[in-house]
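Open the model in your viewer and switch to a cartoon view. The tour below goes from the whole chain to single residues, one selection at a time.

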Amino acid sequence: MEINFKCKKCNGIFDSDVGKISINEQTMRPDFEIDINCPDCGKLTIDEALLTELGQSQMTEATMD
């Protein structure tokens with residue numbers, strides 16, 4: 001699944017294939033099968049990336065299936 005993110009390090013906006021998405025029942029945060037990968041900064045943690053408006057819609061769609 002491709003999700004649109006904004007990198008907190010470089011402020012770049014990019015799409016990253018995160019694979020399957022599940023919700024961690026304890027933290028209520030998404031768990032991605034594949035790491036978020038900024039084209040400029042490389043591998044990011046979930047705390048180093050923000051969901052864009054498009055990314056929020058994509059996440060909602062992915063977790064509703």
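**The whole chain**

Keep in mind from the start that this is a predicted model. Begin with everything selected. How many helices and strands are there in the protein? The protein has one helix and seven strands. Followed along the sequence, they come in the pattern β-β-β-β-β-β-β-α.

Now zoom out. The C-alpha atoms fill a box of roughly 30 × 20 × 15 Å along the principal axes. The radius of gyration is 11 Å, which agrees with a compact globule of 65 residues because such a globule would have a value near 11 Å. Of the 65 residues, 29% count as buried. Among contacts between residues at least 6 apart in sequence, 42% join residues at least 24 apart.

**The three-stranded sheet**

Select strands 1, 2 and 7. These three strands form an open sheet in the order 2-1-7, with antiparallel pairing. Which are the edge strands? They are strand 2 (13-17) and strand 7 (49-51), each of which pairs on one side only. From one strand to the next, the twist averages 50°. In general, strands of a sheet pair through backbone hydrogen bonds, either parallel or antiparallel.

Look next at the two pairings in turn:

- Strand 1 and strand 2 are antiparallel and share five bridges. They form a hairpin with five residues between them. In the turn, select Asn11, which has a positive phi of about 65°.
- Strand 1 (residues 2-7) and strand 7 are also antiparallel, over three bridges. Select Cys7 here; its bridge partner in strand 7 is Ala49.

Then add helix 1 (residues 53-64) to the selection. Helix 1 packs on the sheet and touches strand 1 and strand 7. The direction of helix 1 makes about 145° with that of strand 1.

**Strand 2 and Ser16**

Show the side chains of strand 2. One face is covered and carries Phe14 and Ser16, while the uncovered face carries Ile13, Asp15 and Asp17.

Stay in strand 2 and select Ser16. Is Ser16 buried or exposed? Ser16 has a relative accessible area of 4%, so the residue counts as buried. Across the pairing, Ile3 stands opposite Ser16. The side chain of Ser16 also reaches the backbone nitrogen of Asn37, at 3.1 Å. Leaving aside neighbours within four places in sequence, Ser16 is in contact with Met1, Glu2, Ile3, Phe5, Asp35, Ile36 and Asn37.

**Val18**

Move along the chain to Val18, in the loop between strand 2 and strand 3 (21-23). Val18 counts as buried because its relative accessibility is 0%. Select Ile34 as well: the two residues are 16 apart in sequence, but their C-alpha atoms are 4.5 Å apart in space. Beyond four places in sequence, the contacts of Val18 are Met1, Ile3, Phe5, Phe32, Glu33, Ile34 and Ile36.

**Thr52**

Go next to the loop between strand 7 and helix 1, and select Thr52 there. At 12% relative accessibility, Thr52 is buried, since the cut-off is under 20%. What does the side chain of Thr52 make a polar contact with? The partner is the side chain of Asn4, at 2.5 Å. A polar atom of the Thr52 side chain also lies 3.0 Å from the backbone nitrogen of Gly55. Not counting residues up to four places away in sequence, Thr52 touches Asn4, Phe5, Lys6 and Ile13.

**The cysteines**

Finish by showing cysteine side chains. A disulfide is a covalent bond between the sulfur atoms of two cysteines. How many disulfides does the structure hold? It holds zero. Select Cys38: its nearest cysteine sulfur, that of Cys10, is 3.8 Å away. Now select Cys41, whose sulfur also has that of Cys10 as the closest cysteine sulfur, at 3.8 Å. Why is there no bond between Cys41 and Cys10? The sulfurs are too far apart for a bond, because a disulfide needs them within 2.5 Å.

Last, compare the surroundings of these two residues. Cys38 counts as buried because its relative accessibility is 3%. Cys41 has 31% relative accessibility, so Cys41 counts as partly exposed.

Note on methods:
Residues are numbered from 1 along each chain as its sequence is written. This is a predicted model: local features need pLDDT of at least 70, side-chain atom pairs count only at pLDDT 80 or more; totals for chains, interfaces and linings use all residues. Side-chain values use heavy atoms; hydrogens and water are left out. Buried means under 20% relative accessible area, exposed over 50%, partly exposed in between (1.4 Å probe, protein chains only). Two strands pair if DSSP finds at least two bridges between them. Helices (H or I, at least four residues) and strands (E, at least two) are DSSP runs, numbered from the N terminus. Axes are lines fitted to C-alpha atoms, for helices over the stretch in contact, and angles run from 0 to 180 degrees between N-to-C directions. Contact means heavy atoms within 4.5 Å. A polar contact is a pair of N or O atoms within 3.5 Å; within protein, one must be able to donate a hydrogen and the other to accept it, and residues adjacent in sequence count only if both atoms are side-chain atoms. The radius of gyration is taken over C-alpha atoms; the globule rule is 2.2 Å times the number of residues to the power 0.38.
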